[in-house]
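Please open the model in your viewer and keep the sequence panel beside it. The stops below are meant to be selected in order.

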Amino acid sequence: MPAVAVGWTCVYNILGVITVIGLLHKLFHRGDADCNEVRKLSSDYLEEDLAPTKRSAIQAHLSNCGPCRAFVDTLASTIGILSRFPKVSTPSTFHDSVMERIKQEKK
Ligand SMILES: [Zn+2]
């Protein structure tokens with residue numbers, strides 16, 4: 001067998017092993033949160049607005065995933081900074097005028 005064919009066979013075997021490991025990981029970690037889910041639910045997580053099982057799954061993910069932990073820490077810092085700004089009251093017509101403008105821009 002030519003060396004190139006042996007090389008491609010090795011690549012396919014490695015890809016197959018990676019796929020099997022991924023499937024086994026999903027099978028044994030069904031309740032676990034993945035990175036997309038953690039980032040999508042990060043606001044609810046910080047506001048403690050999640051069911052206990054989901055919150056636990058996210059905490060478990062954060063303890064093993066540095067990039068998600070950094071994402072959630074940055075979001076928490078940003079929320080903390082923004083909460084220190086004084087609240088601004090808007091005119092009573094603000095909501096209606098924004099919604100009207102959105103409707104016009106959709107056309
Ligand atoms: Zn992650």
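The tour goes from the whole chain to its core, and then to two places outside that core.

Before selecting anything, note that this is a predicted model, in which local features need pLDDT of at least 70, side-chain atom pairs count only at pLDDT 80 or more, and totals for chains, interfaces and linings use all residues. Residues are numbered from 1 along each chain as its sequence is written.

Begin with the whole protein in cartoon view, where there are six helices and zero strands, helices being DSSP runs of H or I with at least four residues and strands runs of E with at least two, numbered from the N terminus. Buried residues, defined by 20 or more other C-beta atoms within 10 Å of their own (exposed means 12 or fewer, partly exposed in between, with C-beta atoms placed from the backbone), make up 7% of the 107 residues.

Next, select Ala33, Val38, Tyr45, Ala57, Ile58, Cys68 and Val72, the seven residues of the largest nonpolar core, a term for buried Ala, Val, Leu, Ile, Met, Phe, Trp, Tyr and Cys residues joined through C-beta atoms within 7 Å. Helix 4 and helix 5 (66-83) are the elements that give two or more residues to this core.

Within that selection, centre on Tyr45, which is found in helix 3 and is buried because 21 other C-beta atoms lie within 10 Å. Not counting residues up to four places away in sequence, Tyr45 touches Leu50, Arg55, Ile58 and Val72, where contact requires C-beta atoms, placed from the backbone, within 7 Å. If you draw a distance between the C-alpha atoms of Tyr45 and Val72, which are 27 residues apart along the chain, expect 8.9 Å.

Then move to Ala33, whose contacts, leaving aside neighbours within four places in sequence, are Val38, Ala57, Ile58 and His61.

Now select Glu48, in the loop between helix 3 (42-46) and helix 4 (52-64). Glu48 counts as exposed, because it has 7 C-beta neighbours inside 10 Å, and its phi is near 55°, a positive value in a residue other than glycine.

Finish at helix 6 (residues 94-106), where the count of buried residues among its 13 residues is zero.

Note on methods
Two residues are in contact if their C-beta atoms, placed from the backbone, lie within 7 Å.
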